[in-house]
Amino acid sequence: MLSGGLSPQSFRRLSALVRERSGIALSDDKRMLVANRLRKHVTELGYEAYDPYSDYVLTSGAAAEIDTLIELLVTNHTSFFREPEHFRLLSEEVLPELASSSGPVRLWSAAASSGEEVYTMAMVVAEASRQIRGLDCRITGSDISRRMLAIADKGVYPLAALDPVGPVFTKRYFQRGISSQNGRCRAQADLRSRVRFRRINLLDSSYPVGGRQHVIFCRNVMIYFDAEVRAQTIDRLTDMLVPGGYLFVGYSESLGAHTPGLEPAWHGVYRRI
Ligand SMILES: C[S@@+](CC[C@H](N)C(=O)[O-])C[C@H]1O[C@@H](n2cnc3c(N)ncnc32)[C@H](O)[C@@H]1O
């Protein structure tokens, strides 16, 4: 049991560190939420209050502990076929158009969380490949969270998470677990072979994803950044697009006025000029 709550001073110091390392901006009204998210971890480390834990994280600069702090505070919510209109656009508009590009079509999910977005892209690409001869795509998923990337890499999900996938694609692209894996599904080897995962922090100055991309999904993460970090991230992502390439952001994440080098294409989708 921790004595006392998370003091405003410790909250401010921790949130400044989280913003500096991940871009996530935690407003003052998030103090209780942060305390709740950290409570179990702080107790498990043997601290009796938040303040000495904050002192430890801030003064030791221990990279692994800072990563854990960020992992505990970021929102990882995701699902297969989330914001499904984007996958319809990918399938019916974007891939048929890009199929004639020279060389492989490169797609990147830049805040992939536990991988559902990336495997959804891979299913859409696999389906398109049945129609478009010779379609060659490279799909990369990345995230700041090692814990989420480990889940993504395994490609194992509870059966209930497969609801939006529907019975036909579930049968085609997933394998039901048996005995100890009962109630879970794993992305089939062919689907897994279409994707690769990397740890990339969107705040980094360069993104090692194998060159400029034709399609970048960066959905439902910049909503947690403040305007300055969001603008810098959009600039770096725009630089990572080939001319004519597409940037997909979340349905509720209009880029507002800050879209140099981009033009709106569809709802939540921008195109590099
Ligand atoms: C809410 S999830 C969105 C997942 C998916 N794109 C979707 O729309 O369903 C946000 C993800 O962004 C990741 N994230 C937060 N800050 C990040 C950063 N600076 N660099 C890379 N990923 C980050 C989190 O770890 C989390 O997995």
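Trainee: Which of the 23 residues around the ligand come nearest?

Mentor: This is a predicted model, and one reads such a shell by looking first at its nearest members. Here Thr 78, Ala 111, Ser 113, Leu 202 and Asn 220 come nearest. By class, the shell around the ligand holds eleven polar, eight nonpolar and four charged residues.

Trainee: Why does the ligand lie between the two domains?

Mentor: One asks which domains supply the residues of the shell. Domain 1 (8-73) and domain 2 (85-272) both give residues to the shell, so the ligand lies between them.

Trainee: How many residues of each domain are in contact with the other?

Mentor: The size of an interface is often given as the accessible area lost when the parts come together. For this chain, contacts are counted instead: seven residues of domain 1 are in contact with twelve residues of domain 2. On the domain 1 side, helix H4 (residues 63-73) provides the largest share, three residues. That side comprises three nonpolar, two polar and two charged residues. The C-alpha centres of the two domains are 30 Å apart.

Trainee: What is the overall extent of the protein chain along its principal axes?

Mentor: The C-alpha trace spans about 65 × 55 × 30 Å along those axes. A second reading uses the radius of gyration: a compact globule of 273 residues would have a value near 19 Å, and the protein chain has 20 Å, which agrees. Its secondary structure comes to ten helices and ten strands.

Trainee: In what order do the seven strands of the open sheet stand?

Mentor: Strands of a sheet pair through backbone hydrogen bonds, either parallel or antiparallel. In this sheet the order is E6-E2-E1-E7-E8-E10-E9, and the pairing is mixed. Strand E6 (195-199) and strand E9 (262-266) are the edge strands, each pairing on one side only. From one strand to the next, the twist averages 25°.

Trainee: In which sense do strand E1 and strand E7 pair, parallel or antiparallel?

Mentor: Strand E1 (residues 105-109) and strand E7 (residues 213-217) pair in the parallel sense, over three bridges. To locate this pairing in the model, find Trp 108, which stands opposite Ile 216 in E7.

Trainee: Which helices lie across strands E1 and E7?

Mentor: Two helices may be examined here. Helix H5 (residues 85-98) lies across E1, E7, strand E8 (241-248), E9 and strand E10 (269-272), and runs at about 175° to E7. Helix H6 (residues 116-131) lies across E1, strand E2 (137-143), E6 and E7, and runs at about 170° to E2.

Trainee: What is the order of the open sheet of three strands?

Mentor: The order is E3-E5-E4, and the pairing is antiparallel. Strand E3 (156-158) and strand E4 (174-176) stand at the edges with a single partner strand each, so one side of each is left without a neighbour in the sheet. Neighbouring strands of this sheet are turned by 30° against each other on average, direction ignored.

Trainee: How many bridges join E4 to strand E5?

Mentor: Three bridges join E4 to strand E5 (residues 184-187), and the two run antiparallel. One residue pair serves as a guide to the eye: Gln 175 has Arg 186 in E5 as its bridge partner.

Note on methods: Residues are numbered from 1 along each chain as its sequence is written. This is a predicted model: local features need pLDDT of at least 70, side-chain atom pairs count only at pLDDT 80 or more; totals for chains, interfaces and linings use all residues. A residue is near a molecule or strand if its C-beta atom, placed from the backbone, lies within 6 Å of it. Ala, Val, Leu, Ile, Met, Phe, Trp, Tyr, Cys and Pro count as nonpolar, Asp, Glu, Lys and Arg as charged, and the others, Gly among them, as polar. Domain bounds come from an automatic or database domain assignment. Helices (H or I, at least four residues) and strands (E, at least two) are DSSP runs, numbered from the N terminus. Two strands pair if DSSP finds at least two bridges between them. Axes are lines fitted to C-alpha atoms, for helices over the stretch in contact, and angles run from 0 to 180 degrees between N-to-C directions. The radius of gyration is taken over C-alpha atoms; the globule rule is 2.2 Å times the number of residues to the power 0.38.
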